[in-house]
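Here's a quick tour of one model, written for someone who'd rather be at the bench. Have a look at it first.

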Amino acid sequence: MIEIMRVRKLLSQQQSILSKIALGAPLDEVLENICLSIEELIEDASAKCSILTLKGEQLFHSAAPNIAKGYCDAINGVHIGPSVGSCGTAAYEKKRIIASDIATSPLWENYKALALNFDLRSCWSTPIISTQSDILGTFAIYHDSAKSPTPQDLELIDFFVDFTSIALEKHTESLKSEALLAELQQSNEKFKAFTKVLPDLTLILSEEGEYTNVYGTANESLYLSQEYVINQNVRDIMPPEDASPIMAVIDKTLQTNEVQVFEYQLNIKGKQLTFEGRTAPLESYQPNNPSQRHVVWMARDISTRKAVEEEVQRLAFFDPLTNLPNRRLLNDRLSMYVERIKQSDHTGALLFLDLDNFKRINDSLGHNAGDEILVELSQRLTGVLGPTDTLARVGGDEFIILIENVGDSHKQASLESELMAKVVQSVFYDKFEVGDLAFQVSCSIGICLINNANAISENILKFADTAMYRSKMKGGNSSSFYDPALQTLLENQTELETDIVRAIACDEFCAYFQPQLSIDGSIIGAEALIRWNHPTKGLISPNSFIPIAEQFGLIQKLQNIVLRDICILLETLRVHKVLKNQFNVSINISQCQFNSSTLKGELFKAIETYDVSPSQIKLEITESMLAGDLMSTVKQMEELKSQGFVFSIDDFGTGYSCLKHLSVFPIDELKIDKSFIDKVLDNASGQSIVQSIIGLGHSLDINIVAEGVESTEQLHILKSMGVNAVQGYLFARPLTHSNYLTWHKQHQ
């Protein structure tokens, strides 16, 4: 946003230039005045303006008050063409030419020595176009350093280019006074459009509150249209409750002689609008009445911005899908309620709801269908709760109900809470309809009573969660009260986290490698899979420790171990001269790792340590990881892709979020999930899904890998479908470093 003082200068320069043009001042004087005016208003003090006029196919010097005469003489009469600096090219191509660095611009190849000799290092040239669309000349801004224009610079240049066009047309065509006035009016309209960004509406008000001028076309921000407010007084147009604050601001601006920034509201045409106002004193605005003081008042309608801010605030505390309170608001209400409980003998209850097997609906029909069910469920639950109860959605299919009073005794509270759980479960009796389908859904409920003995918010939520898992273990569709014994079992996860930390320090983790072959049988890579060689429990599957590692922030340390073992394997293969250029090893990247700012650094640290090419590391991500912030995900992937890393989507076909955007992502490979490969021999539908994925991948020039191939029959079908590569037990199970090296040599 251009500052108020610049607006004042702009208004003053406008009056001066228009006066000179209207009074028929010499063209040289007008053009020089235009150059000096823009040099004064543009932000960079080193800016130098040049105006060249076009005669035939040549450009001639017309005005450049602060550019060396030697340079002006040297370019005087230059013929326009496709590579004749900025001005010659702009006139030839009839469009703006920006040469941010003359030294490197190909357009300046034949002229850069001349320009650089006079310390001119950037040139922004705009063709001056007549009302008849004829090229009259060029309007250029030079700087003594390489520089690119801002949008405000370009708007300011266009404003003065319009004046230059008027001046040149008047001089060259001897327009009649009526035509000149029309052009000046057109220029004034353009100025009004320009002031829309300074910001939306610019008013000139006298100290008595009279509208002297209005710039901009935001009639919806005025009590009356512009043609009616000029020469009208604020007090006559507005009701007293609106006019009084306006006059107070005018008085304060003139008394303090300082810029005022403020917000105010006006009821305009039945709509309550919020404005951001900026005022500054304006002296001698009317030459025929110099003693009359004015203010320039810039008004921006920020009603939409305010509404957005309120919406952002709402999203911070409410779930956007169901409009229910989210976890943050629930925590606030729970904390306040706990404080009240401490001062009373009442007992409350917190019910933790989790839908049973809800993932199957998302997996079979997609998340949109699941969302429909969640919205309807929130409406059903709201209908059975009391006005003081809080219903919150705290996760994908997790809801929490806070009931503030269920009795004064433990027995009564237990009975009332159990009764409330039955009421909640009753909303699931009717099926949920999605399109033509109907689903019977149930939920598991965990109940934690809230009283003086249990008045810590964090514990209440944890205990209710524990109770909910107890309901899950009973088969779902039931409710359970908090069981301290079950909490103890869950807390054992913390002990496992400690054991993982110890195991990392003792180097008990390592990578196993499962080969990946092209469809013709040649080795093209391997997938690295982490294993835990526990000293007493033996080999532990990743399913047992990866979720804990992610929960406690240990996943990157495990990933570094896998990266190390990958690099060691690649180095070993290179030493044994069995490493081909196209061979790469894939590593699974979890959601939390992908969102981490340290991922790139850890990758480069590993490959630099072992002198491994990035192209030999394939980053496997899941389909669901592409469902978040599209632009941020693409940017991060492209940064890694530009460094040479390869991307693969693992378990493809099990999610629904990224299909429509798949072409946007820099993906090299899709891995069809084993669950689909298992079905290629069973029925036609299983084959059609696989064939669809293959067709989709090939249409995007992406390689397709089938994982979990276990039989020759599967292999033959996949080969006929056009799969590019395969991996699975048919070829090899995941192997240790030494066993993989032996296998690789044997199959090389």
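What follows covers the model itself, its largest pocket, its nonpolar cores and one buried serine.

## About the model

This is a predicted model, so local features need pLDDT of at least 70 and side-chain atom pairs count only at pLDDT 80 or more, while totals for chains, interfaces and linings use all residues. Residues are numbered from 1 along each chain as its sequence is written, and side-chain values use heavy atoms, leaving out hydrogens and water.

## The largest pocket

The largest pocket (an open set of points on a 1 Å grid where a 1.4 Å probe fits, with protein on both sides within 12 Å along at least five of seven lines) holds about 1,100 Å³ of space. It has 37 lining residues, with E527, L529, P542, N543 and N588 nearest its centre; lining means having an atom within 4 Å of a point. Elements giving two or more residues to that lining include β20 (523–534) and α19 (555–575).

## The nonpolar cores

A nonpolar core is a set of buried (under 20% relative accessible area, 1.4 Å probe) Ala, Val, Leu, Ile, Met, Phe, Trp, Tyr and Cys residues joined through side-chain atoms within 4.5 Å. The largest one has 77 residues, and F583 and Y740 are among those with the most contacts inside it. Helix α19 gives the most to this core, ten residues. Another core, of 32 residues, lies apart from it and includes L324 and L391.

## A buried serine

S125 sits in strand β5 (residues 122–129). Why does S125 count as buried? Because its relative accessibility is 0%.

Terms used: Helix = DSSP H or I, 4+ residues; strand = E, 2+ residues; numbered from the N terminus. Buried < 20%, exposed > 50% of the residue type's maximum accessible area, 1.4 Å probe, protein only. Points joined across faces, edges and corners; volume = space filled by probe spheres on them.
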